[in-house]
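Hi,

Here is the structure I promised to pass on. Have a look, and my notes on what turned up follow underneath.

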Amino acid sequence: MLISSTKRFILPFWNQRSKESQEAAAVFAVAELNRSRGGGFLAKQPPEILTFIAKIAYPLWLFPKNGAVLIFDGLNDKDHTITYVATPPSDVFLANLERSQRPRENYLTFLADHASYFGHPPKERQFTLKGLIDDADFRKEFSIYRQEATELTGPATTLLLATLEESTVLAAMNELDKLQFSLKAEEEKLSECLRLVKKTTSQYITEIGYEAEAAAEEADAKIKAQEELDKPQITKLNKEYSRKIKALTEGFDGELDSLLKLRLKTQTLIEKTQANIEQYKHEANVHAKKGHEIYEKRWKQKIKKTEKELSGLKKELKNIDDKTKKTTKQKEQGVSRLNFEWDAEIKLVHQPLDALEEAKNAKTLTFKQESNRLLQIETPVVEGIEKLLKHKEAINTAFDGLGFNDPQLKTPRLVYVPFYAICYEAGLDRRYSYLAPSTLRETDFGSKLKGALGMSKTKDLLTPRFKAIATLINQVEGYTQKNSIFEARLMDLAEKNNLLKNNAFQTNIKNGLVILQSDDWLSQRETEELTRQLKT
């Protein structure tokens with residue numbers, strides 16, 4: 001039942017800047033346009049009679065909550081269910097964690113044992129708010145529309161009774177507060193679990209880092225001592241093998257230098273011999289042309305002899321090159337052999353040092369593997385908690401998004417949305433039509449074109465002010481079809497407030513029809529026809 005102290009407000013149907021007579025005329029014109037005139041090809045249908053037009057108000061509850069306002073359907077047609085997850089007991093996890101924080105081995109065992117503690121698919125639970133309107137478009141529109149509301153201070157006969165009682169909503173709001181408090185407490189405990197796990201792990205990672213640094217410092221000290229011990233031997237080996245390589249290199253370099261000189265000398269002789277052969281060929285040709293056969297023969301014999309000498313010089317040059325390559329190779333092999341022996345001697349000296357460095361690297365790897373293992377074991381625990389926290393954040397967001405912002409509203413109130421209920425009767429059949437809060441449509445190209453073609457523009461006369469609110473009002477038709485008690489209550493309310501029997505409303509219709517005709521929404525014929533229907 002309605003609590004007497006609850007304030008009630010009513011919203012306007014029409015744009016407040018428009019005249020009341022325009023509203024009455026527009027509603028009547030649309031109602032008449034939608035009335036069936038009867039007829040039919042196969043079976044004659046009787047014309048419908050416009051039985052009533054009643055302006056009725058749809059109840060909506062507004063309940064403040066933490067600076068927001070939740071909207072509830074006063075007719076309680078639908079429920080809004082919120083699904084949330086139940087978490088494993090965080091207290092048990094924290095208690096086990098605190099007992100297992102030391103030593104490190106116990107903590108690792110704890111993490112391994114609780115890897116799936118928070119990782120199992122969470123159990124879903126549901127919370128239902130009766131009548132809550134959880135439609136973002138509706139909230140957005142209503143937050144604007146409600147600013148036009150005026151308070152009802154006296155009795156009103158056109159208000160639909162809110163079947164959703166204030167006490168029912170208050171009880172649900174209290175349960176919602178308890179649930180949110182519980183979820184917030186769970187979220188805080190989960191955050192504490194996450195914080196403590198990350199803190200403990202971080203402390204052990206730091207501890208392992210310190211241990212690794214201490215072990216590295218100890219190993220470095222041993223390595224440095226061994227390096228000091230090895231240094232004289234390394235110095236001695238370096239000097240010895242540097243001397244051997246130098247001696248070997250100098251020996252081969254002397255031989256190669258001699259070969260180079262010999263090659264240059266041989267190359268010079270070859271070039272000189274080749275030049276002589278060319279000269280001899282020239283002399284032979286000259287004497288051949290003069291017919292001196294004896295001289296020509298002598299020069300040709302000399303060419304053969306010189307070519308034989310040239311062949312010997314070339315063979316000698318090739319032998320020099322082969323010997324140079326062989327000597328160079330022997331030099332490289334000798335130096336390589338000495339370097340290999342040198343490296344082997346150095347490695348032999350370095351064996352204790354290498355063993356120390358290997359031990360250091362193995363120790364460093366052990367610490368690194370322990371850190372990685374700790375992080376690896378921690379990961380499923382942290383991921384499980386973080387996943388649950390995301391669920392909590394999502395549900396908190398869902399709860400916070402149930403209403404629209406209004407820090408000024410401190411107490412519950414009823415706000416009524418007006419709509420016109422129109423009833424047609426044809427014989428024993430009855431039909432209803434409902435008009436949500438509307439406004440006079442702006443004259444556009446389509447309506448102008450209809451007027452130019454002599455067509456009626458009445459269908460374009462009204463347009464809903466708010467789409468989502470119009471959807472709510474249109475649901476009234478469904479209520480009347482499935483709920484005979486609601487239909488009877490609506491009929492009783494409408495018949496008692498039938499505007500067709502209201503003289504003031506009829507006067508407003510007449511005055512409004514004139515205005516609509518002057519605004520070019522109605523033709524003179526349509527105005528006369530509607531005025532005639534009003535009198536019948």
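Before the salt bridges, one cut-off to keep in mind: a residue is called buried under 20% relative accessible area, exposed over 50%, and partly exposed in between. That is why Glu425, at 24% relative accessibility, goes down as partly exposed. Also, please remember that this is a predicted model.

On confidence, the average pLDDT for the protein is 88, and 93% of the residues score at least 70. The stretch to be wary of is residues 444-455, where pLDDT stays under 50. For that stretch the model has nine contacts beyond four places in sequence. Where pLDDT is low, the predicted coordinates should not be read in detail.

Back to the charged pairs. Searching the whole structure gives 31 salt bridges. Here are some of them.

- Glu425 and Arg430: their side chains meet in a salt bridge at 3.3 Å, N to O. Arg430 is partly exposed too, since its relative accessibility is 41%.
- A network: Arg102, Arg104, Glu207, Glu211 and Glu370 are joined into one by salt bridges that share partners.
- Arg104 and Glu207: within this pair, the closest N and O atoms are 2.8 Å apart. Arg104 sits in helix H3 (residues 104-113) and Glu207 in helix H5 (residues 166-290), so this salt bridge ties together parts that are 103 residues apart in sequence. Arg104 counts as buried because its relative accessibility is 9%, while Glu207 comes out as partly exposed at 25%.
- Lys261 and Asp257: this salt bridge has an N to O distance of 3.6 Å. Both residues belong to helix H5 and are four residues apart, so about one helical turn separates them. Lys261 is exposed, with a relative accessible area of 55%, and Asp257 is partly exposed at 37% relative accessibility.

As a reminder, side chains of opposite charge can pair when their charged atoms come close.

Next, strand S3 (residues 68-73). How many of the residues of S3 are buried? Six of the six are, so the strand is largely enclosed by the rest of the structure. In a regular strand the side chains alternate between the two faces of the sheet. For S3, both faces are covered: one side has Ala68, Leu70 and Phe72, the other has Val69, Ile71 and Asp73, and all are buried.

Which strands does S3 pair with? Strand S2 (residues 49-65) runs antiparallel to S3 and is joined to it by six bridges. Trp61 has Phe72 in S3 as its bridge partner. The hairpin of S2 and S3 has two residues between the strands, and Asn66 there takes a positive phi near 50°. S3 also pairs with strand S7 (residues 404-405), again antiparallel, over two bridges. Here Val69 stands opposite Phe404 in S7.

Last, a helix pair to look at. Helix H4 (residues 136-145) packs against helix H8 (residues 467-482) at an angle of about 105°, and their axes are 7 Å apart. The two helices, H4 and H8, are therefore roughly perpendicular to each other. From H4, the residues that meet H8 are Asp137, Phe138, Glu141, Phe142 and Tyr145. On the H8 side they meet Lys467, Ala468, Ile469 and Leu472.

Cheers

Definitions and conventions. Residues are numbered from 1 along each chain as its sequence is written. This is a predicted model: local features need pLDDT of at least 70, side-chain atom pairs count only at pLDDT 80 or more; totals for chains, interfaces and linings use all residues. Side-chain values use heavy atoms; hydrogens and water are left out. Buried means under 20% relative accessible area, exposed over 50%, partly exposed in between (1.4 Å probe, protein chains only). Two strands pair if DSSP finds at least two bridges between them. A salt bridge is a side-chain nitrogen of Lys or Arg within 4 Å of a carboxyl oxygen of Asp or Glu. pLDDT is the predictor's confidence in each residue, from 0 to 100. Contact means heavy atoms within 4.5 Å. Axes are lines fitted to C-alpha atoms, for helices over the stretch in contact, and angles run from 0 to 180 degrees between N-to-C directions. Angles under 35 degrees count as roughly parallel, over 145 as roughly antiparallel, 65 to 115 as roughly perpendicular and the rest as oblique.
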